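Please open the model in your viewer and keep the sequence panel beside it, since each stop on this tour begins with a selection.

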Amino acid sequence: MVQLYNILVLGLSLAYTALAVCNYGTTHFPREPNVPIGTFGYTGLDGPLNWYSLNKSANMLCAEGHFQSPINLNSSIPTAPGNRGLTLNITSYSEGAELENLGTTLEVPANGTFTTADNTYNLAQFHFHTPSEHRIELEYYPMEAHFVFQAANKSMAVVAFVIGIGPADPLLTSVFENAAEAATPGEATLTGPLMFKDLEDHFGSSNVFEYSGSLTTPPCSENVHWYVSAKPLAIDQDTYTKVKGIMKFNSRYTQNTPGGINLLQNSANAINS
C-alpha cells in the first residue's frame, strides 16, 4: 500500500516539477530560479519502461508515439554533408557558465543560434547523457551531448554529438572542469572558459543525420528536429570517469525506426494477443 501511495504521489508531482531535461529552459518548460531536481529516472519504476505510468496523460507518447528518440542511425536515415546550409553559432563564455546538476543530467544554460533552410532556432541549454542515447550503425558511445534549441514558432531542434574516449576536445574538458563541485542533485558550479569555435567547425565539416523524432525524456513530445553529427567528439578517460560517476546511467533505450510501432505498445499488444 505504501509503495502504491508513493507511486501515485510521484505521478502527481510530475505535473508540477522538473518533468524533462530535453526541453528545460524552453517555453514548454521554463527555467526555474533554483536548480530543479528531476523526478523521473532511468531505473526500475521511475525508468523509461514506466514513464507512461508515472503520468498517463502527460507521458502518453512515451508508450504510444511512433516517432520516438533516440534511434539507431544508419543508412536509412538521411544525412546532410558538410557545408550544407546548417549553421551553428554559440555564444562563448570567457569567464565560464553555470553547470547545473538536475539529478537526471548535468546541464549548462547557454545562448546561441542554429539556422537551417527553414528556420532559425535559439539555444536554451546543452546537457549530457551517459552512455550515448543515439547509436551509429548499432554502436554505442560513452557519452552524448544535446544542444537544445527553440524557434519563435515554438518548434524545437536538437543538435547532438556522440562522444568517444580519446585526446580530449578542450571544450569538454572545460565544461567539466569543476564538475565535482556539483556532484549532488540541485547543486551548481562554474565551468571553465567555454569557446565554441572548434565545435562549430566540427559540426560544419561533419555529415549530419537528420530526422524527426521526440524528446528523449518525459513527456516524450514529438515533432522534434534532430541533427546528429556523424563525427564524434572526444573526452579523456579521467574526465569521463568523473562525469560518469556523477550522472551514473541516464540514457533512454533505443526506439523503433521513425514511423514504426512504439516498442512498448508492441509489447502490450503481444501480451494481450
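With the whole protein selected and its surface switched on, the accessible area comes to about 12000 Å², and carbon and sulfur atoms account for 55% of that figure. Bear in mind throughout that this is a predicted model. Switching to a cartoon view, you can trace seven helices and 13 strands, and of the 273 residues in the protein, 51% count as buried. Among contacts between residues at least 6 apart in sequence, 68% join residues at least 24 apart.

**The nonpolar core**

Select F114, F128 and F147 next, which are the residues with the most contacts inside the largest nonpolar core, a set of 40 residues. Strand β9 gives the most to this core, contributing five residues. Apart from this core lies another one, of 17 residues, which includes L73, V158, Y211 and V228.

Stay with F147 and display what surrounds it: leaving aside neighbours within four places in sequence, F147 is in contact with I90, L123, Q125, F126, A157, V158, V159, F161, F196 and L199.

**The aromatic cluster**

Now show the rings of F114, Y121, F126, F128, F147, F149, F161, F176, F196, F203 and Y227, which together form one aromatic cluster. The count of aromatic pairs in the model comes to 14. One of the pairs to look at is F126 with F128, an edge-to-face arrangement with 6.0 Å from centre to centre and 80 degrees between the planes. Are these two rings buried or exposed? F126 counts as buried because its relative accessibility is 1%, under the 20% cut-off, and F128, with a relative accessible area of 1%, is buried as well.

**Helix α6**

Move on to residues 237-247, which make up helix α6, and colour T239, Y240, V243, I246 and M247, the buried residues in this helix. If you look down the axis of α6, its buried residues fall within an arc of 125 degrees, so they line one face of the helix. An α-helix has 3.6 residues a turn, so residues three or four places apart point the same way. To see what this buried face meets, add β4 (98-101), β5 (106-109), β7 (120-129), β9 (143-151), β10 (156-165) and β13 (222-235), against which the buried residues of α6 pack.

Both ends of the helix deserve a closer look. At the N-terminal end, D236 acts as a cap, with a side-chain oxygen 3.2 Å from the backbone nitrogen of D238, while α6 is followed by K248, whose phi is positive, near 60 degrees.

**R252 and its surroundings**

A little further along the chain, select R252, in the loop between α6 and α7 (263-272). R252 is buried, with a relative accessible area of 2%. Its side chain reaches the backbone oxygen of C62 at 3.3 Å and makes a polar contact with the side chain of Q68 at 2.9 Å. Beyond its neighbours within four places in sequence, R252 is in contact with a list of residues that includes Y42, P48, W51, E133, S214 and C220. R252 and L49 are 203 residues apart in sequence, yet their C-alpha atoms are 9.1 Å apart in space.

**E64, the last stop**

Finally, select E64 in helix α3 (residues 60-64), which is partly exposed, with a relative accessible area of 35%. Measuring tools in the viewer can be set on E64 and L264, which are 200 residues apart in sequence and 7.4 Å apart from C-alpha to C-alpha. Apart from neighbours within four places in sequence, E64 is in contact with Y52, N262 and Q265.

Conventions: Residues numbered from 1 in each chain as written. Predicted model: local features only at pLDDT ≥ 70, side-chain atom pairs only at ≥ 80, totals over all residues. Heavy atoms only, no water. Buried < 20%, exposed > 50% of the residue type's maximum accessible area, 1.4 Å probe, protein only. Helix = DSSP H or I, 4+ residues; strand = E, 2+ residues; numbered from the N terminus. Arc of directions from axis to C-beta. Contact = heavy atoms within 4.5 Å. Polar contact = N/O pair within 3.5 Å; in protein donor to acceptor, adjacent residues only side chain to side chain. Phe/Tyr/Trp six-rings, centres within 6.5 Å; stacked < 30°, edge-to-face > 60°. Core = buried A, V, L, I, M, F, W, Y, C linked by side-chain atoms within 4.5 Å. Areas by Shrake-Rupley, 256 points an atom, 1.4 Å probe, with all protein chains shown as cover.
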